[in-house]
Amino acid sequence: HIHVKVHLGGTVIHTGQLYFPEAAVTAASKRAPYNRRGEPDTRNADDAIYRNGGKNSLTRMSKDGSGTTVAAITMGVHRS
């Protein structure tokens with residue numbers, strides 16, 4: 001996962017995490033520079049935040065026209 005913060009008018013209104021499908025994590029861990037780190041130490045299924053609603057922060061993976069892998073997610077933040 002990666003951490004994300006949503007800023008509005010200079011104020012942080014949300015802090016969260018974005019997750020990637022396990023197949024994408026496994027593939028990335030075999031390529032530089034990530035292959036120097038070894039196998040990922042926490043899989044989505046073992047991540048307490050993922051198990052408790054983080055599935056809603058799972059990105060969609062696709063390839064763009066040049067073959068580059070792109071992750072996408074739509075976020076909505078409710079302000080009260």
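Two strands count as paired here if DSSP finds at least two bridges between them. Keep that in mind for the opening stop. The model on screen is predicted.

**Stop 1: the S3–S4 hairpin**

Select residues 60-63, which form strand S3. Add residues 69-72, which form strand S4. S3 and S4 pair in the antiparallel sense, over four bridges. Show side chains on methionine 61. It stands opposite alanine 71 in S4.

Now move to the turn of the hairpin. Five residues lie between the two strands. Pick glycine 67 there and check its backbone: phi is positive, near 90 degrees.

Stay in the loop between S3 and S4 and select aspartate 64. Is aspartate 64 buried or exposed? Neither label fits: aspartate 64 is partly exposed, because its relative accessible area of 35% falls between the cut-offs of 20% and 50%. Draw a distance from its C-alpha to that of glycine 9. The two atoms are separated by 32 Å, and the residues are 55 apart along the chain.

**Stop 2: a nonpolar patch**

Go past strand S4. Methionine 75 sits in the segment after it. This residue is partly exposed, at 38% relative accessible area. Which residues make a nonpolar surface patch with Met75? Select Leu8, Ile13 and Val77 as well. Together the four make a patch of about 290 Å².

**Stop 3: helix H1**

Select residues 22-29 to light up helix H1. Two of its residues make good distance checks.

- Valine 25 belongs to H1. It is partly exposed, with a relative accessible area of 23%. Measure across to asparagine 44: the C-alpha atoms are 9.6 Å apart, with 19 residues of separation in sequence.
- Threonine 26 is also in helix H1. Its relative accessibility of 26% makes it partly exposed. From threonine 26 to proline 40 the C-alpha distance is 7.8 Å, and the sequence separation is 14 residues.

**Stop 4: a salt-bridge network**

Stay on H1 and select glutamate 22. Side chains of opposite charge can pair when their charged atoms come close. How many salt bridges are there? The count comes to two.

Take glutamate 22 and arginine 43. Their side chains meet in a salt bridge, at 2.9 Å from N to O. Glutamate 22 lies in H1, while arginine 43 lies in the loop between H1 and helix H2 (48-51), so this pair ties together parts that are 21 residues apart in sequence. Both partners are partly exposed: glutamate 22 has a relative accessible area of 26%, and arginine 43 has 22%.

Next, add glutamate 39. It forms a salt bridge with arginine 43, and the closest N and O atoms are 3.2 Å apart. Glutamate 39 is exposed, because its relative accessible area is 53%, over the 50% cut-off. Shared partners join Glu22, Glu39 and Arg43 into one network.

**Stop 5: a cis peptide**

Select alanine 32 and proline 33. Where does proline 33 sit? Look in the loop between H1 and H2. The peptide bond joining alanine 32 and proline 33 is cis, with omega at about 0 degrees.

**Stop 6: the largest pocket**

Rolling a probe the size of a water molecule over the atoms shows where empty space is left. Switch to a surface view and find the largest pocket. About 800 Å³ of space lies in it. Its lining counts 24 residues. Select His1, Phe20, Val25, Ala28 and Tyr34 to mark the ones closest to its centre. Val25 is familiar from the helix H1 stop.

Which elements give two or more residues to the lining of this pocket? Color H1 and S3 to see them. H1 supplies the largest share, six residues.

Technical notes: Residues are numbered from 1 along each chain as its sequence is written. This is a predicted model: local features need pLDDT of at least 70, side-chain atom pairs count only at pLDDT 80 or more; totals for chains, interfaces and linings use all residues. Side-chain values use heavy atoms; hydrogens and water are left out. Patches are made of residues with over 30% relative accessible area and no salt bridge: like charges are joined within 9 Å, nonpolar side chains (Val, Leu, Ile, Met, Phe, Trp, Tyr) within 5 Å. Accessible areas come from the Shrake-Rupley method with a 1.4 Å probe; for residues, only the protein chains shown count as cover. Buried means under 20% relative accessible area, exposed over 50%, partly exposed in between (1.4 Å probe, protein chains only). On a 1 Å grid over the protein atoms alone, a cavity is a set of points where a 1.4 Å probe fits but cannot get out, and a pocket is an open set with protein on both sides within 12 Å along at least five of seven lines; lining residues have an atom within 4 Å of a point. Grid points are joined across faces, edges and corners, and a volume is the space filled by probe spheres set on the points.
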